[in-house]
Amino acid sequence: MTDKVLSIGDAIRGFVPAGSLVFVGGFGQGVPFAAGREIIRQGITGLTLCRTGADILFDLLVAAGAADRIVVGWFGNPGVGISHICRKAIREGRLALTETSNFGLLLQLEAAALGVPFLPAHVLSEGDLGERADRKPVVCPFTGGTLSAVPALTPDVALVHALRADRHGNVQADGIMGDTLAGARAAKSVVVTVEEIVDDAVIRSEPERTILPAHRVSAVVHAPFGAWPSYVKGLYDRDDEHYVAFDRLSRDPSKVHAYLAAIRAGGGLPDPERRAELMDRAGVPAHVL
């Protein structure tokens with residue numbers, strides 16, 4: 001089997017060209033912040049980001065000028081408040097928003113994964129959001145009833161963060177995945193960052209934990225704490241204090257500029273003491289990572 005391990009620089013350079021439609025995985029946990037920070041460092045622009053529930057990673061990519069369009073069911077700072085950066089960019093005409101429902105976007109990804117142009121559903125059949133979300137009426141050939149045709153959405157690349165993978169791209173994770181698997185199955189290519197790269201035998205010892213098989217994965221990147229400040233189930237806890245601090249700094253353009261400058265200079269990870277604290281919260285000994 002092919003060895004798919006790349007550096008994060010080579011993976012992003014090879015699979016996330018300017019102008020791509022990028023599915024951003026994660027749902028509370030496993031948000032691919034390491035991949036997002038690398039996009040910022042490489043100065044990639046013109047991206048369209050999609051995901052049912054967008055995290056503050058969307059704010060970072062919009063603030064950095066990497067993304068000029070988002071396709072979402074919801075966007076904000078989860079558990080804290082609204083997205084100051086995305087909302088300001090939309091008001092100023094720097095960011096285009098295609099808004100749908102979480103389930104509506106999930107159906108779009110499922111349609112792409114199935115290889116069909118649309119899926120019929122009852123979602124968004126009332127109100128004005130359906131029209132804005134590009135829904136079309138379709139008549140059921142069996143009942144004669146009218147349904148909403150939800151169009152397929154095919155990302156150029158999916159960014160996924162997970163617990164571990166082998167060098168061939170068999171990926172394992174635990175916990176809530178949200179729309180991550182639908183996005184990965186819908187995308188033309190999949191870049192996975194993982195906390196640990198393990199031997200094939202480790203994957204084979206617990207096959208029920210495999211969420212993506214090697215043939216669906218384009219590149220594997222070793223990125224410890226690559227989901228921070230979100231969490232990875234069974235490894236480290238969510239850094240709630242960081243999300244709260246981000247809410248404050250995201251209101252001040254000068255502080256956002258400084259935050260991005262630190263990322264571009266190679267920063268963007270918590271110090272060792274903070275890592276140990278977050279792992280302790282998750283009940284994991286600090287020496288594991």
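What percentage of the 289 residues of the protein count as buried? In this model, which is predicted rather than determined by experiment, the share that counts as buried is 51%, where buried means that a residue has under 20% relative accessible area.

The overall form of the chain can be described next. The protein contains 11 helices and 12 strands, and its C-alpha trace spans about 60 × 50 × 35 Å along the principal axes. A compact globule of 289 residues would have a radius of gyration near 19 Å, and because the protein has 19 Å, its value agrees with that expectation. Among the contacts in the protein with a separation of 6 or more, 74% are accounted for by residues 24 or more positions apart.

We can then turn to the surface and the charges. The protein exposes about 12700 Å², of which carbon and sulfur atoms supply 55%. There are 29 positive and 33 negative charges in the protein, and the mean positions of these two groups are 4 Å apart.

Helix 1, which covers residues 8–15, lets us look at burial in one element, for its buried residues are Gly9, Ala11 and Ile12. These residues cover an arc of only 165° around the axis, and therefore they lie on the same side of helix 1. An α-helix has 3.6 residues a turn, so residues three or four places apart point the same way. The face of helix 1 turned away from the buried side carries the exposed residues Arg13 and Gly14. What covers the buried residues of helix 1 includes helix 2 (33–42), together with strand 8 (157–165), strand 10 (189–197) and strand 12 (219–222).

Conventions:
Residues numbered from 1 in each chain as written. Predicted model: local features only at pLDDT ≥ 70, side-chain atom pairs only at ≥ 80, totals over all residues. Heavy atoms only, no water. Helix = DSSP H or I, 4+ residues; strand = E, 2+ residues; numbered from the N terminus. Rg over C-alpha atoms; globule rule 2.2 N^0.38 Å. Buried < 20%, exposed > 50% of the residue type's maximum accessible area, 1.4 Å probe, protein only. Contact = heavy atoms within 4.5 Å. Areas by Shrake-Rupley, 256 points an atom, 1.4 Å probe, with all protein chains shown as cover. Lys, Arg positive; Asp, Glu negative; His and termini not counted. Charge placed at Lys NZ, Arg CZ, Asp CG, Glu CD. Arc of directions from axis to C-beta.
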